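I opened a fresh page for this protein and went through the model one topic at a time. Here are my notes, in the order in which they made sense to me.

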Amino acid sequence: MVSNEDPKLRPALSGAGTATSPADPTPEEEDQMMRRRRFIQAGIGVSLVLTVGGLSALSVTGGLRPISKMTPDREPPADGDELVLAAEQGTVISPGDIAVDSGMIMAYPRDPASQVVKSGTVDNLILIARFDPANLSANTQPQAADGIVAYSGLCPHLGCTVSIWDAANGWFHCPCHHAEFDPRDDAKVVSGPSPRPLPALPLKLSGGSLLVAGSFLTPVGAG
Ligand code: FES
């Protein structure tokens, strides 16, 4: 049985600015490294919370969620939205915060005009990771921004939160029934019972900022 105690499933702590750092980093490089570490740690914190509380708080949402009124914080991601850390919703994610092969970050979209974080529904939970662009599949490259990819955080199997980073393979892992998804290749299912890939969310860079470039490309949630 796989658990997040398994070393191969622990989120990657290395690579957060350490892999290519020179022996004596400048103060600016040290600042960047510290910021990246904070991002990775924030992502891990959310992952562990969601793994433990997933079934009661955020999981199995497909088919069980009550009908509720649309409010600004429940609007789906839209073109031009910023991305903020799920664990620190005042912290906007910028490209420099995400090192290549550094693991998974959980995020929500934020409307830049109203500053509303769209965290009122788990449907808007987003998984972000960064890879060498050359390692992305041809299908994935058009929706990526300089190697950064984004997908829905809800498992298409039964709607659990995909909350674990499989560091050994660089895959997203669903703790409920162990579906795994390859974020380098359109989040295709590489193992487990999910009937389809995680929905992709297109990204873009604008003026050095990381922004959403459209809607989820396929329906979010179970089924
Ligand atoms: S809900 Fe994700 S594998 Fe079943």
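Before anything else, a working definition for my contact lists: I call two residues in contact if their C-beta atoms, placed from the backbone, lie within 7 Å. I also remind myself that this is a predicted model.

**Entry 1: a contact list to start with.** I looked up Leu203 and left out residues up to four places away in sequence. Leu203 then touches Gln143, Ala144, Ala145, Ile148 and Ala150, and also Leu210, Leu211, Val212 and Ala213.

**Entry 2: confidence.** I checked how far to trust the picture. The mean pLDDT of the protein is 82, with 74% of its residues at 70 or more. Over residues 1-22 the pLDDT is below 50, and this stretch has 40 contacts in the model beyond near neighbours in sequence. Residues 44-63 also stay under 50, and there the model has 43 contacts beyond four places in sequence. I will read both stretches with care.

**Entry 3: the overall layout.** I counted one helix and 10 strands. From the N terminus on, the helix comes ahead of the strands, in the order α-β-β-β-β-β-β-β-β-β-β. Of the 223 residues, 43% count as buried. Among contacts with a separation of 6 or more, 63% come from residues 24 or more positions apart.

**Entry 4: the sheet.** Which strands make up the open sheet, and in what order? I found four, arranged β1-β2-β3-β4, with antiparallel pairing. β1 (82-85) and β4 (148-152) are the edge strands, each pairing on one side only. From one strand to the next, the twist averages 45°. Looking more closely at β3 (residues 126-130), I noted five bridges to β4. One bridge partner I wrote down is Ser152 of β4, which goes with Ile126.

**Entry 5: the core.** Ile126 turned up again here. The largest nonpolar core has 51 residues, and Ile126 is one of those with the most contacts inside it, along with Ile93, Ala107, Leu127, Ile128, Phe172 and Leu203. Strands β1, β2 (105-110), β3, β4, β5 (164-166), β6 (171-173) and β10 (209-212) each supply at least two residues of this core.

**Entry 6: Leu211.** Having met Leu211 in the list for Leu203, I looked it up in its own right. Leu211 is found in strand β10. Is Leu211 buried or exposed? Neither, as it turns out: Leu211 counts as partly exposed because it has 18 C-beta neighbours inside 10 Å, and burial would take 20 or more. Leaving aside neighbours within four places in sequence, Leu211 is in contact with Gly80, Asp81, Glu82, Leu203, Lys204 and Ser206. I also took one C-alpha distance: Leu211 and Pro95 are 116 residues apart along the chain, and their C-alpha atoms are separated by 9.7 Å.

**Entry 7: a hairpin.** β7 (residues 180-182) and β8 (residues 188-191) run antiparallel and are joined by three bridges. Asp182 stands opposite Lys188 of β8. Five residues lie between the two strands, and in this hairpin Asp186 takes a positive phi near 65°.

**Entry 8: other positive phi values.** Asp101 has a positive phi near 60° although it is not a glycine, and its place is in the loop between β1 and β2. With 17 C-beta neighbours inside 10 Å, Asp101 counts as partly exposed. Gln115, also not a glycine, has a positive phi of about 65°. I placed Gln115 in the loop between β2 and β3. Gln115 counts as exposed because it has 10 C-beta neighbours inside 10 Å, and the limit for exposed is 12 or fewer.

Terms used
Residues are numbered from 1 along each chain as its sequence is written. This is a predicted model: local features need pLDDT of at least 70, side-chain atom pairs count only at pLDDT 80 or more; totals for chains, interfaces and linings use all residues. Two strands pair if DSSP finds at least two bridges between them. Axes are lines fitted to C-alpha atoms, for helices over the stretch in contact, and angles run from 0 to 180 degrees between N-to-C directions. A nonpolar core is a set of buried Ala, Val, Leu, Ile, Met, Phe, Trp, Tyr and Cys residues joined through C-beta atoms within 7 Å. pLDDT is the predictor's confidence in each residue, from 0 to 100.
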